[in-house]
Amino acid sequence: MSIVVQGVTKLYGEQKALDNVSFQVKTGEIVGFLGPNGAGKSTMMKIITGFIPASSGQVLVNGLEVGTDNPEVKKQIGYLPENNPLYPEMYVREYLGFVASIYNTGTPKKKLIDNIIEVTGLIPEQKKKIGSLSKGYRQRVGLAQALIHNPSVLILDEATTGLDPNQIVEIRKLIKEAGKEKTIMLSTHIMQEVEAICDRVIIIDKGVIVANEEKSNIYSIIRRPKQIVQVEFDKDIKESLLAAIANVTTVKQIKNNLWLLEAEGDEDIRPALFSFAVNNNLTVFSLQKQESNLEDVFRHLTNG
Ligand code: ADP
Ligand code: MG
């Protein structure tokens, strides 16, 4: 086991951010840590990395207890915190040198820097100031600082949040590559991220673990994410007619002619909606499909 979390509770004043959380991550696994905002993901990751202490409970990384002064624990762990805090005034190489000097790895600093710059695709940007980099490259610097000491366990908190689709693909590629030889726990609120990268998923809600499953089993637990479509017609239509469209499961009227439809199945519901409009002599003013993310799934689970 690379990570063992045993009965961890975290209180912020009166508020219980984590409530007796236990789970384990096997060596070599890539685990997705999912949950809506405020679920406790970042708090759990800060505790695993020894950034903040638990109120009670215990975390072991490669058999070593986290939260003690043992410098060996820090060497085992690479951590990319949420929002990737960096020093914008520092140069990329300068910053990575600064991070490398924290760890006593025995490898010359220059070698560590050169290697990680290559691994994370930072060669063209290595002489620039961090503040002048694009968000995608800044995220690479974040990954570089997490990987520079070659840790066996990597903790990534929302590594792709805020990136554009191309940058997301690039960062996921780097994570997957790193995952070939490391144990990785990554938090996300994007279901597709889990599909793309992870072997297993742990879901947390309100500080409590609500699911811990192999990826292949997860949809049987939380049902497939639904399609959510917002459609506006030019005139009034009966709700029951919309509800009768194939695969439509829920119909909500947002205002006069604006509707929110939920549908199940893999077949895109939009062509059926257009046919429906034509058959009922309606004009479609707007039609938008929303990505169904984990928060939607959670809403469906809690509100039915
Ligand atoms: P997530 O990363 O899943 O969005 P967090 O771990 O950041 O969740 O937060 C869990 C809960 O703990 C939230 O209700 C949040 O408001 C609260 N919280 C997080 N950090 C602090 C803090 N430093 N002080 C007080 N409350 C906090
Ligand atoms: Mg968070």
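Helices and strands are taken here as DSSP runs, a helix having at least four residues and a strand at least two, and both are numbered from the N terminus. On this basis the predicted model contains 11 helices and 14 strands in its chain. Along the principal axes, the C-alpha trace spans about 75 × 45 × 35 Å. Of the 304 residues in the chain, 48% are buried.

Helix α1, which comprises residues 41–48, is mostly covered, with seven of its eight residues buried. The buried residues of α1 are Lys41, Ser42, Thr43, Met44, Met45, Ile47 and Ile48. The helix is followed by Gly50, for which phi is positive and near 80°. Positive phi values also occur at two asparagine residues, Asn83 and Asn150. Asn83, with phi near 65°, is placed in the loop between β6 and α3, and its relative accessibility of 71% exceeds the 50% cut-off, so that Asn83 counts as exposed. Asn150, with phi near 50°, is found in the loop that runs between α5 and β7 (153–157); Asn150 is likewise exposed, because its relative accessible area of 54% is over 50%.

The largest pocket holds about 440 Å³ of space and is lined by 18 residues, among which Phe51, Tyr79, Ile102, Tyr103 and Gln145 lie nearest the centre of the pocket. Three elements, namely β6 (77–80), α3 and α5 (135–147), each contribute at least two residues to this lining. When the lining residues are sorted by class, 13 are nonpolar, four are polar and one is charged.

Ile102, one of the residues nearest the centre of the largest pocket, lies in the loop between α3 (92–100) and α4 (109–119). Ile102 has a relative accessible area of 57% and is therefore exposed, the cut-off being 50%. Together with Tyr87 and Phe98, Ile102 also forms a nonpolar patch on the surface, and the accessible area of these three residues together is about 330 Å². Ile102 is thus part of both the pocket lining and the surface patch. A further isoleucine, Ile237, is found in the loop between β11 (227–233) and α9 (239–243), where its relative accessible area of 11% is under 20%, so that Ile237 counts as buried. Ile237 and Trp259 are 22 residues apart in sequence, and their C-alpha atoms are 10.0 Å apart in space.

Side chains of opposite charge can pair when their charged atoms come close. The structure holds 16 salt bridges, including a bridge between Glu262 and Lys252 in which the closest N and O atoms are 3.8 Å apart. This pair links distant parts of the chain, since Glu262 belongs to strand β13 (residues 258–263) and Lys252 to strand β12 (residues 248–255), with their positions 10 residues apart in sequence. The two partners of this bridge fall into separate burial classes: Glu262 is buried at a relative accessible area of 6%, whereas Lys252, at 43% relative accessibility, counts as partly exposed.

Another salt bridge joins Glu177 to Lys180, with a separation of 3.2 Å between the closest N and O atoms. Glu177 has a relative accessible area of 46% and is partly exposed, while Lys180, at 64% relative accessibility, counts as exposed. The side chains of Asp268 and Arg270 also meet in a salt bridge, for which the N to O distance is 2.6 Å. Both of these residues count as partly exposed, because the relative accessibility of Asp268 is 27% and that of Arg270 is 30%, values that lie between the cut-offs of 20% and 50%. In addition, Arg93, Lys110 and Asp114 are linked in a network of salt bridges.

Note on methods. Residues are numbered from 1 along each chain as its sequence is written. Chains are lettered from A and ligands numbered from 1 in the order in which they are written. This is a predicted model: local features need pLDDT of at least 70, side-chain atom pairs count only at pLDDT 80 or more; totals for chains, interfaces and linings use all residues. Side-chain values use heavy atoms; hydrogens and water are left out. Patches are made of residues with over 30% relative accessible area and no salt bridge: like charges are joined within 9 Å, nonpolar side chains (Val, Leu, Ile, Met, Phe, Trp, Tyr) within 5 Å. Accessible areas come from the Shrake-Rupley method with a 1.4 Å probe; for residues, only the protein chains shown count as cover. A salt bridge is a side-chain nitrogen of Lys or Arg within 4 Å of a carboxyl oxygen of Asp or Glu. Buried means under 20% relative accessible area, exposed over 50%, partly exposed in between (1.4 Å probe, protein chains only). On a 1 Å grid over the protein atoms alone, a cavity is a set of points where a 1.4 Å probe fits but cannot get out, and a pocket is an open set with protein on both sides within 12 Å along at least five of seven lines; lining residues have an atom within 4 Å of a point. Grid points are joined across faces, edges and corners, and a volume is the space filled by probe spheres set on the points. Ala, Val, Leu, Ile, Met, Phe, Trp, Tyr, Cys and Pro count as nonpolar, Asp, Glu, Lys and Arg as charged, and the others, Gly among them, as polar.
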